[in-house]
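Me: Hi! I'd like to talk through a structure with you before I go back to the bench. Could you pull it up?

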Amino acid sequence: MKPALATLAIFTFIGSWNDFLGPLVYLDSGEKYTLPVGVAIFQSSHYSDYGITLAACVACTLPILVVFLIFQRHIVQSIASAGLKD
(Lines give C-alpha, C1' and ligand atoms only; values in the text may rest on other atoms or scores of the structure.)
Protein backbone atom coordinates (compact mmCIF):
# COMPACT_ATOMS: atom_id res chain seq x y z
CA MET A 1 0.00 0.00 0.00
CA LYS A 2 2.91 2.35 0.71
CA PRO A 3 4.21 2.47 -2.91
CA ALA A 4 0.74 3.25 -4.24
CA LEU A 5 0.24 6.08 -1.75
CA ALA A 6 3.70 7.46 -2.49
CA THR A 7 2.91 7.44 -6.21
CA LEU A 8 -0.39 9.20 -5.56
CA ALA A 9 1.40 11.83 -3.47
CA ILE A 10 3.97 12.41 -6.21
CA PHE A 11 1.32 12.79 -8.91
CA THR A 12 -0.68 15.14 -6.69
CA PHE A 13 2.42 17.26 -6.06
CA ILE A 14 3.23 17.41 -9.77
CA GLY A 15 -0.36 18.31 -10.63
CA SER A 16 -0.50 21.13 -8.10
CA TRP A 17 3.00 22.36 -9.03
CA ASN A 18 2.09 22.59 -12.72
CA ASP A 19 -1.34 24.15 -12.11
CA PHE A 20 -1.57 27.23 -14.27
CA LEU A 21 -5.19 28.32 -14.44
CA GLY A 22 -6.01 28.20 -10.72
CA PRO A 23 -3.28 30.60 -9.54
CA LEU A 24 -3.85 32.82 -12.57
CA VAL A 25 -7.53 33.23 -11.71
CA TYR A 26 -7.38 33.38 -7.91
CA LEU A 27 -4.23 35.41 -7.25
CA ASP A 28 -4.26 39.13 -7.84
CA SER A 29 -0.74 40.13 -6.86
CA GLY A 30 2.45 39.48 -8.81
CA GLU A 31 4.31 38.58 -5.63
CA LYS A 32 1.99 35.62 -5.00
CA TYR A 33 2.13 34.02 -8.45
CA THR A 34 3.48 30.50 -8.76
CA LEU A 35 6.53 29.79 -10.93
CA PRO A 36 4.67 28.61 -14.08
CA VAL A 37 2.43 31.70 -14.03
CA GLY A 38 5.42 33.94 -13.37
CA VAL A 39 7.34 32.47 -16.30
CA ALA A 40 4.36 32.96 -18.62
CA ILE A 41 3.91 36.57 -17.54
CA PHE A 42 7.65 37.20 -17.75
CA GLN A 43 7.76 35.75 -21.26
CA SER A 44 4.86 37.85 -22.48
CA SER A 45 6.40 41.09 -21.23
CA HIS A 46 7.66 43.77 -23.57
CA TYR A 47 10.25 41.53 -25.22
CA SER A 48 11.38 37.92 -24.92
CA ASP A 49 14.85 37.12 -23.69
CA TYR A 50 14.96 33.41 -24.43
CA GLY A 51 18.01 32.67 -22.31
CA ILE A 52 16.40 33.98 -19.13
CA THR A 53 13.06 32.40 -19.99
CA LEU A 54 14.64 28.99 -20.51
CA ALA A 55 16.61 29.34 -17.27
CA ALA A 56 13.35 30.06 -15.45
CA CYS A 57 11.79 26.97 -17.06
CA VAL A 58 14.69 24.86 -15.81
CA ALA A 59 14.18 26.33 -12.34
CA CYS A 60 10.50 25.29 -12.55
CA THR A 61 11.42 21.75 -13.59
CA LEU A 62 14.12 21.09 -10.98
CA PRO A 63 11.81 20.50 -7.95
CA ILE A 64 9.73 18.00 -9.91
CA LEU A 65 12.85 16.19 -11.04
CA VAL A 66 14.23 16.06 -7.49
CA VAL A 67 10.95 14.66 -6.12
CA PHE A 68 10.87 12.04 -8.85
CA LEU A 69 14.48 10.99 -8.25
CA ILE A 70 13.88 10.67 -4.51
CA PHE A 71 10.69 8.60 -4.85
CA GLN A 72 11.57 6.73 -8.04
CA ARG A 73 11.78 3.40 -6.24
CA HIS A 74 8.21 3.76 -4.92
CA ILE A 75 6.85 4.55 -8.37
CA VAL A 76 8.51 1.51 -9.90
CA GLN A 77 7.25 -0.73 -7.06
CA SER A 78 3.73 0.59 -7.48
CA ILE A 79 3.74 -0.06 -11.22
CA ALA A 80 5.28 -3.52 -10.79
CA SER A 81 2.75 -4.59 -8.15
CA ALA A 82 -0.25 -3.22 -10.05
CA GLY A 83 -0.28 -6.13 -12.48
CA LEU A 84 0.08 -8.87 -9.86
CA LYS A 85 -2.86 -10.98 -8.83
CA ASP A 86 -2.98 -12.76 -5.47
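**Aromatics, helices and surface**

Reply: Here you go. This is a predicted model, and the structure holds 1 aromatic pair.

Me: Nice, which residues form the aromatic pair, and is it tilted or something else?

Reply: F13 and W17 form the pair, and it is tilted, with 5.8 Å centre to centre and 35° between the planes.

Me: Where do F13 and W17 lie?

Reply: Both lie in helix α1, 4 residues apart, which is about one turn of the helix. In general, an α-helix has 3.6 residues a turn, so residues three or four places apart point the same way.

Me: How exposed are F13 and W17?

Reply: F13 has a relative accessible area of 29%, so it is partly exposed. W17 is partly exposed too, because its relative accessible area is 24%.

Me: Staying with α1, where does T7 sit, and is it buried or exposed?

Reply: T7 is in helix α1 as well. Its relative accessible area is 8%, and the cut-off for buried is under 20%, so T7 is buried.

Me: What is T7 in contact with, leaving aside its neighbours within four places in sequence?

Reply: Leaving those neighbours aside, T7 is in contact with H74, I75 and S78. Those three residues are in helix α5 (residues 72-82), and they are buried there. They cover an arc of only 100° around the axis, so they are on the same side of α5.

Me: And which residues are exposed on the other side of α5?

Reply: R73, V76 and A80 are exposed on that other side.

Me: What do the buried residues of α5 pack against?

Reply: They pack against α1 (2-17) and α4 (50-70). The contacts of T7 with H74, I75 and S78 give you a residue-level view of the α1 part.

Me: Let's switch to α3. Which residues are buried there?

Reply: In helix α3 (residues 35-43), the buried ones are P36, V37 and V39. Their arc around the axis is only 160°, which means they are on the same side of α3.

Me: What do those buried residues of α3 pack against?

Reply: They pack against α1, α2 and α4. You can look at T53 for a view from α4, since T53 is found in that helix. Not counting residues up to four places away in sequence, T53 touches V39, F42 and Q43.

Me: So is T53 buried or exposed?

Reply: T53 is buried, because its relative accessibility is 4%.

Me: What about A40, where is that, and how accessible is it?

Reply: A40 is in helix α3. At 28% relative accessibility, A40 counts as partly exposed. The C-alpha atoms of A40 and F11 are separated by 23 Å, with their positions 29 residues apart along the chain.

Me: New topic: the surface. Which residues form the nonpolar patch?

Reply: The patch is formed by F20, L21, L24, V25, Y26 and I41. Together they have about 630 Å² of accessible area.

Me: Which helix gives the most to the nonpolar patch?

Reply: Helix α2 (residues 21-26) does, with 4 residues. L21 and L24 are both found in α2.

Me: Are L21 and L24 exposed or buried?

Reply: L21 counts as exposed because its relative accessibility is 57%. L24 is at 35%, so it counts as partly exposed.

Me: And how far is L24 from T53?

Reply: Their C-alpha atoms are separated by 18 Å, and the two residues are 29 apart along the chain.

Me: A couple of quick ones. Where is D19 found?

Reply: D19 is found in the loop between α1 and α2. Its relative accessibility is 34%, so D19 counts as partly exposed. The C-alpha atoms of D19 and L65, 46 residues apart along the chain, have 16 Å between them.

Me: Last one: where is K2, and is it exposed or buried?

Reply: K2 has its place in helix α1. K2 counts as exposed because it has 64% relative accessibility. From K2 to T12, 10 residues apart along the chain, the C-alpha separation is 15 Å.

Me: Great, thanks for walking me through that!

How values were computed: Residues are numbered from 1 along each chain as its sequence is written. This is a predicted model: local features need pLDDT of at least 70, side-chain atom pairs count only at pLDDT 80 or more; totals for chains, interfaces and linings use all residues. Side-chain values use heavy atoms; hydrogens and water are left out. Patches are made of residues with over 30% relative accessible area and no salt bridge: like charges are joined within 9 Å, nonpolar side chains (Val, Leu, Ile, Met, Phe, Trp, Tyr) within 5 Å. Accessible areas come from the Shrake-Rupley method with a 1.4 Å probe; for residues, only the protein chains shown count as cover. A salt bridge is a side-chain nitrogen of Lys or Arg within 4 Å of a carboxyl oxygen of Asp or Glu. Helices (H or I, at least four residues) and strands (E, at least two) are DSSP runs, numbered from the N terminus. Buried means under 20% relative accessible area, exposed over 50%, partly exposed in between (1.4 Å probe, protein chains only). The arc is that of the directions from the helix axis to the C-beta atoms. Contact means heavy atoms within 4.5 Å. Rings of Phe, Tyr and Trp (its six-membered ring) pair if their centres lie within 6.5 Å; planes under 30 degrees apart count as stacked, over 60 as edge-to-face and the rest as tilted.
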